[in-house]
Amino acid sequence: MPRFQRNIVWQALLCGLASYTAGVALAQDAPITDEDATVTYPASFFSQYEPFSVNDMLDRIPGINVARGGGGGGGGGPGFSGGNNRRGLGMGGDQVLINGRRIAGKENEGSSQLARISASQVDYIEIIRGTSGDLDVRGGNQVINIVLLEVETRSSITYEVNTDHYHDDALKPGGKIAWTGSRGGFDYLISAESEPRYEHRIGHETSILADGSPNERIKRVSTRKAQPLVVSSNLAWQMGDADLLHLNLQYENDSAPEEARRDILNTKFDPPLVDLELDVLDETEEFWEVGGDYEHVFGGGQRWKTLFIVNRGDDHSLRDRYLLAVDSDARTQDLHLDFANTYQERILRTGYTFNFPGSGNQSMEIGVERAQTILDSNLRLDLLSSDGAGLTPISFSDATVEEIRYESFAVHNWQINDRMSLESTLIFEQSEISQSGDVSKTRDFEFLRPKVDYRFDITPALQFRATVEKDVAQLSFSDFTENTSEADDDQDSIAGNPDLRQEQSWRYDLNLEYRFNDDNGVLNTNVFYHEIIDLIDKLDVSTPDQIQSANGNIGDGERYGIALDGSYRFASIADSQILLTSRLSVEDSSVIDPFLGIDRRFSRQGRGEARIGFRHDFPARNFNYGFNWSHNLRDGRIAYDIDKIEDYNSGDFVRLFAETQGWGELIYRFEVFNPTENKRCRVRSRYLGGTIATGYLSEIEDSCSHTGPTIALKIRGTI
């Protein structure tokens, strides 16, 4: 890490230490910490900032980075069953609740609503640090609960228009609109947005042969044009005191055409030879989702809840590669790659929650979930014939993969005393995965997944958390079948592996969190250790005619580390407020490489990261500004494949912003992304004559690319 970056990190840590004694409580409607360790922020706390959306409110809460990240440094990773790509719903998932309830959706979860809900609709925000049988999600160290106003009639419309300027001088407009409100027992949120996802990337690559002599110099310029449209709605009916019904809908549509030109200078010759290549790509995506739930509360406080989710996604991508003539407009197509898949999911989940008879401090939830997932995919590859007469079909893959999975679960919540709680979870998972097409195969799996979550409020400000969990990751269906590769221009497709097994993990986490007086700041420490069983990485699946690899189970490994999160609000400094956040995580991992037989880190698992966030608010002037900075510790982000070794590095990412309220009571926001032109770099070593263990080094490619800075102007308003 450069010296100036080390200084920034040390300054942030020193600020965190100084904040033990420097805090001054806010005079206006300070947050309240309840006996159950829940921190409540009333809407009046945020009124001085005149926030636009729920996201703006959360950005003013010290330690919200801990709550949004679950408070853990080792979340995710191999063996983890959560994440956006999980099949089914599971116990965890999104740690954001609306009115204490989980939104029945995958793409349309609670976190996706935070930018759509107007701040004027919020009554208060809770940061729930304890465990409770009343919560709709499990497994998170902290849960964010957004509670909306309870009034007979309320309504507001929020909108945003923006223009993004890219470093090739392209201008791309975008916009969002959301209508939220309530009428009687009916709550609604309807929104639509279309945001630019434009990218103009410039890259350079220098290649040398194994003896150090020059090989090639490549300039690559690619332009990707995408602007997805997302329309969603969340509807709720309160039918009396005992019954609640939700219905959630979402539709997405996107087309992302891309052109990538490569100017290749072959420096092995004198004078050098020039080759020109052009990739024309097009990717279209269409997705829809319908979800809903019904909840009934019985007289004794018991609850029964049933939910369903149905979704479908259709993706289609084309890649045509052309060899361009240097001295004319002539071009010859030498590759055609056509890949399409249809992904469908149907989920039904029901659960019953009750208190133990005669005990007011113990509750139990029991239930079952059924999830059906279907993937239909096909891939066609055509290459230029040996005589140059035209394209010749090389391979065609057609496959259908289906999984039927059941989760039977029981969750026991025990409030041991006023300061200690224990939540115990037991999940029995059964699944059948069948594949037809190129390969016909059916396999059955059974897993028992226990978890224990213990929390101890040492003082109202200091909390200790410990969790032990057996987790089982879900298999990626795309790994079963032949697939495409965008990471290597020289690799046309990736082989599939129908014999994959799920990654399993034993996960041990210890957390210690300290909250400053009046919740002006948070210090959080997380230590984690994960034992991984059947880790998935590249494995040799070569045939007598071709050396190739596919994702497969390479053995057992371990992952461990520590993460330090700090956040502090410096109040009443010259009629302004400063919020400083920081994060430093360090980790390592170990597994035996299947090709080289060496002990190495997991593929593309680095040493950790450092992050700093700074926000300066002037409430009296309706003005704020700040920045976010992130840095990956550069050591060991290496990926091992059968015929290549890749070492990845990337520069620091910076985001600057300034915001003010001006004419028409509109909010004007100015943002700059990546002003330092963060580069994404890779050193690739290729081998011929065998694998990386049996072959010989043929060349080394050193490449870097960047997208340049993006400048955005946003205008926001509320009606």
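## Overall picture

About 32,100 Å² of the protein is exposed, and carbon and sulfur atoms supply 54% of that area. The model is predicted. Its chain has 719 residues, and buried residues make up 50% of them.

The secondary structure comes to four helices and 36 strands. Contacts often span long stretches of sequence. Among those between residues at least 6 apart, 65% join residues at least 24 apart.

## A nonpolar patch on the surface

Five residues form a nonpolar patch on the surface: Leu-510, Val-527, Ile-562, Leu-564 and Val-586. Together they have about 360 Å² of accessible area.

Leu-564 shows how one member sits in the fold. Leu-564 belongs to strand β25, which covers residues 549-573. Its relative accessibility is 34%, so Leu-564 counts as partly exposed.

## Strand β25: a salt bridge and a buried asparagine

The residue after Leu-564 in numbering takes part in a salt bridge. Asp-565 pairs with Arg-583, and their closest N and O atoms are 2.7 Å apart. Asp-565 lies in strand β25 and Arg-583 in strand β26 (residues 576-592), so the bridge ties together parts that are 18 residues apart in sequence. Asp-565 counts as buried because its relative accessibility is 5%. Arg-583 is buried too, with a relative accessible area of 12%.

Asn-553 is also found in strand β25. Its relative accessible area is 13%, so Asn-553 is buried. The side chain of Asn-553 reaches two backbone atoms. One is the backbone nitrogen of Arg-501, at 2.8 Å. The other is the backbone oxygen of Asp-534, at 2.9 Å. Leaving aside residues up to four places away in sequence, Asn-553 touches Asp-499, Leu-500, Arg-501, Asp-534, Leu-535, Ile-536 and Leu-539.

## Salt bridges elsewhere

The count of salt bridges comes to 45. One of them joins the side chains of Glu-258 and Arg-224, at 3.5 Å from N to O. This pair links distant parts of the chain, 34 residues apart. Glu-258 is in strand β12 (residues 243-266), and Arg-224 is in strand β10 (residues 214-224). The two partners fall into separate accessibility classes. Glu-258 counts as buried, at 16% relative accessibility, whereas Arg-224 is partly exposed, with a relative accessible area of 23%. The cut-off between these classes is 20%.

Another salt bridge brings together the side chains of Glu-701 and Arg-686, at 2.7 Å from N to O. Glu-701 is in strand β35 (residues 696-706) and Arg-686 is in strand β34 (residues 680-688). The partners are 15 residues apart, and they too link distant parts of the chain. Both Glu-701 and Arg-686 are buried. Some salt bridges share partners. Such sharing joins Asp-56, Glu-160, Arg-655, Glu-659, Arg-669, Glu-671, Lys-714 and Arg-716 into one network.

## Backbone exceptions in loops

Most residues other than glycine have a negative phi, and most peptide bonds are trans. Three places in this model depart from those habits.

The peptide bond that joins Asp-270 and Pro-271 is cis, with omega of about 5°. Pro-271 is placed in the loop between β12 and β13 (273-297). Strand β12 is also the strand that holds Glu-258.

Glu-50 is not a glycine, yet its phi is positive, at about 50°. Glu-50 sits in the loop between two helices, α2 (43-46) and α3 (54-58). With a relative accessible area of 37%, Glu-50 is partly exposed.

Asn-674 has a positive phi as well, near 60°, and is likewise a residue other than glycine. The loop that holds Asn-674 runs between β33 (667-673) and β34. Asn-674 counts as buried because its relative accessibility is 5%. Strand β34, at one end of this loop, contains Arg-686, the partner of Glu-701.

Key: Residues numbered from 1 in each chain as written. Predicted model: local features only at pLDDT ≥ 70, side-chain atom pairs only at ≥ 80, totals over all residues. Heavy atoms only, no water. Patch = residues over 30% accessible without salt bridge, like charges linked within 9 Å, V, L, I, M, F, W, Y side chains within 5 Å. Areas by Shrake-Rupley, 256 points an atom, 1.4 Å probe, with all protein chains shown as cover. Salt bridge = Lys/Arg side-chain N within 4 Å of Asp/Glu carboxyl O. Buried < 20%, exposed > 50% of the residue type's maximum accessible area, 1.4 Å probe, protein only. Contact = heavy atoms within 4.5 Å. Polar contact = N/O pair within 3.5 Å; in protein donor to acceptor, adjacent residues only side chain to side chain.
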